[in-house]
Structure formats: C-alpha cells, structure tokens
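Biologist: I am new to this structure. Please choose one part, look at it closely, and explain your terms as you go.

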Amino acid sequence: MPALTSRHWRNAKALFFVICLLPLAYIVYAALNQNLGADPVKALIHMSGEWGIRFFILTMAIGPLRTWLAWGWALRFRRMLGLYTWFYVSFHLLIVTTYLFGWDWAIAQEELAERRYIFVGFAAWVLMLPMGLTSNNRAVRALRKNWARLHMLVYPALFLAWLHIALQVRSSYFDAALYAVIIIGLLFQRFQRFKNTL
Ligand code: HEM
C-alpha cells in the first residue's frame, strides 16, 4: 500500500468526523419526525446514553486494536473518538437536564440525592470534564506528561459509566453484562502491557 500523505490523513479525519455525527443526525431526524415511540424523552435519553457508552468503548478499544491487529494508524483517531464520547454524554446530560430536571436546580439536587444511578452518571461526566476540556493541541503541549496522567481518569470514568448503566437494570442484564465483558477484555490488554513494562 502506498504511504499516506498528511493530506490523505486530513481527509480521512474529516470523513470520520462526519461519520461520528451520523448518530446525532439520526436522533435529531427521528425527534423532528416524531418517530421516537410512545415515550420520546425516554427514547432520547436512551439513545444518547447508548451512543455515549459506545463511543467510550470504541475510544478504549484503540489501544488493544493497535496491539492485537497492529493498527497503529487507529491512534490518529483516538482523540477525536474521545471527544465524541464526551460530546454524546454531554448531549445526554443536556437532554436529562432539559426534560427531566427542567433546568430547575432544586429538582436536579433532589434527583441526584434520591437516584443513585443519576449521581453515578453525573460523577462519570464530571471525571470526563477535565479530559474533554484539555483535548486540544495547546493543552496537550502545555500539560506535557501531566496530560497522560490526567487521562488516567478514563478508568474511574469508564467504571462509573458502566455502573450507571448496571444500576438501571430492571429486567434483562444482557447490556450491562455485555459491556462488562468488553470493558474487562480491553482493560486486560492494558494490564498486560503495563505488567510487561515493569
Ligand atoms: C459517561 C456518562 C454516561 C453514560 C455512558 C450514560 C449512559 C446511559 C445509558 C446507556 C442509559 C440508558 C439505559 C437504559 O435505558 O437501559 C442512560 C440512562 C439515563 N441516564 Fe445516563 N449516562 C451517562 C451520564 C449521565 C448523566 C451525567 C446523567 C444526568 C445527570 C445521566 C442520567 C440518566 C438518566 C436519567 C437515564 C434514564 C433512566 C430511565 O430511563 O429512567 N446519565 N444513561
């Protein structure tokens, strides 16, 4: 395969940027066409949350893909995937804040105190906040080694995101169990890499 130039990578990234927006386009399209079923708010929360965890897992899969399949190029897309994770989770938070809390701080406080899974989801978002805000070239340069240290927050954030979903299980444990297996598989590879560096 001929070597790809920086222009090719720029185009590939632009295309990937657009592809990552497709779930949002689908959600907005379904909402505008009143195609969200009997409980549109629930559907909006569900879809945005599902895309949040999917992007989170995809971001975390880049490291293992690089090791297992020698997909070194995938690393070029990791930061964008991480930012999209934050974007979809923030969109999810925006929907919850608008339609469940009605932008009322007293209701939000009450919900956070009474429903453990909402508190846990919010804690995951708070942990993601510093990573989201520093995922630009200037911050990467300014923080240097501390940028990588800061990104250790992905592990507790991922655990809390999973716990947020697991705590909501009412009938089927399938999703929570599937996410747990994928996450443990991805973390196992990281643990092995870490062990090899000791
Ligand atoms: C990393 C962060 C988060 C992820 C990955 C995530 C993911 C999800 C997913 C997948 C669902 C759907 C569960 C289901 O229908 O089976 C969900 C539901 C929900 N999430 Fe999150 N979420 C996150 C953060 C938050 C935050 C910050 C809040 C609000 C403070 C929140 C509030 C809710 C609520 C209220 C539901 C709906 C539960 C219901 O249907 O009664 N989440 N979340």
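Modeller: What follows is a close look at helix 5 and its setting. First, the ground rules. This is a predicted model, in which local features need pLDDT of at least 70 and side-chain atom pairs count only at pLDDT 80 or more, while totals for chains, interfaces and linings use all residues. Residues are numbered from 1 along each chain as its sequence is written. Helices are DSSP runs of H or I, at least four residues, and are numbered from the N terminus; strands are runs of E, at least two.

Start with length. Helix 5 covers residues 116–133. The expected span of a helix is 1.5 Å times one less than its number of residues. For the 18 residues of helix 5 that gives 26 Å, and the end C-alpha atoms are 26 Å apart, so the two values agree. Yet helix 5 has a kink of about 25° at L127. That bend is the angle between axes fitted to the seven residues ending there and the seven starting there. The proline P130 comes shortly after the kink.

Next, burial. A residue is buried if 20 or more other C-beta atoms lie within 10 Å of its own, exposed if 12 or fewer, and partly exposed in between, with C-beta atoms placed from the backbone. In helix 5 the buried residues are V120, G121, A124, M128 and M131. Their packing partners are helix 3, helix 7 and helix 8. Contact here means two C-beta atoms, placed from the backbone, within 7 Å. Take M128. Leaving out residues up to four places away in sequence, M128 touches W86, V89 and A157.

A124 and M128 also belong to the largest nonpolar core. Such a core is a set of buried Ala, Val, Leu, Ile, Met, Phe, Trp, Tyr and Cys residues joined through C-beta atoms within 7 Å. This one has 26 residues, and F55, F56, A124, M128, A157, L158 and A161 touch the most other members. Helix 2, helix 3, helix 5 and helix 8 each supply at least two of its residues. Helix 2 gives the largest share, eight residues.

Now the ligand. It is surrounded by 22 residues, and the closest are G49, G52, G121, W125 and A161. To be near it, a residue needs its C-beta atom, placed from the backbone, within 6 Å. Helix 5 is one of the elements giving two or more residues to this shell, along with helix 2, helix 3 and helix 8. Helix 2 gives the most, with eight residues. By class, the shell has 13 nonpolar, seven polar and two charged residues. Ala, Val, Leu, Ile, Met, Phe, Trp, Tyr, Cys and Pro count as nonpolar, Asp, Glu, Lys and Arg as charged, and the others, Gly among them, as polar.

One partner deserves its own look. Helix 8 has 13 residues, so at 1.5 Å a residue it should span 18 Å, and its end C-alpha atoms are 18 Å apart, in agreement. Buried in helix 8 are A157, L158, L160, A161, W162, H164 and I165. Their cover includes helix 2, helix 5 and helix 9. Helix 9 itself is hardly covered, with one buried residue among its 23.

To pull it together: G121 of helix 5 is buried, and G121 is among the closest residues to the ligand. A161 of helix 8 is buried too. A161 is also among the closest residues to the ligand.
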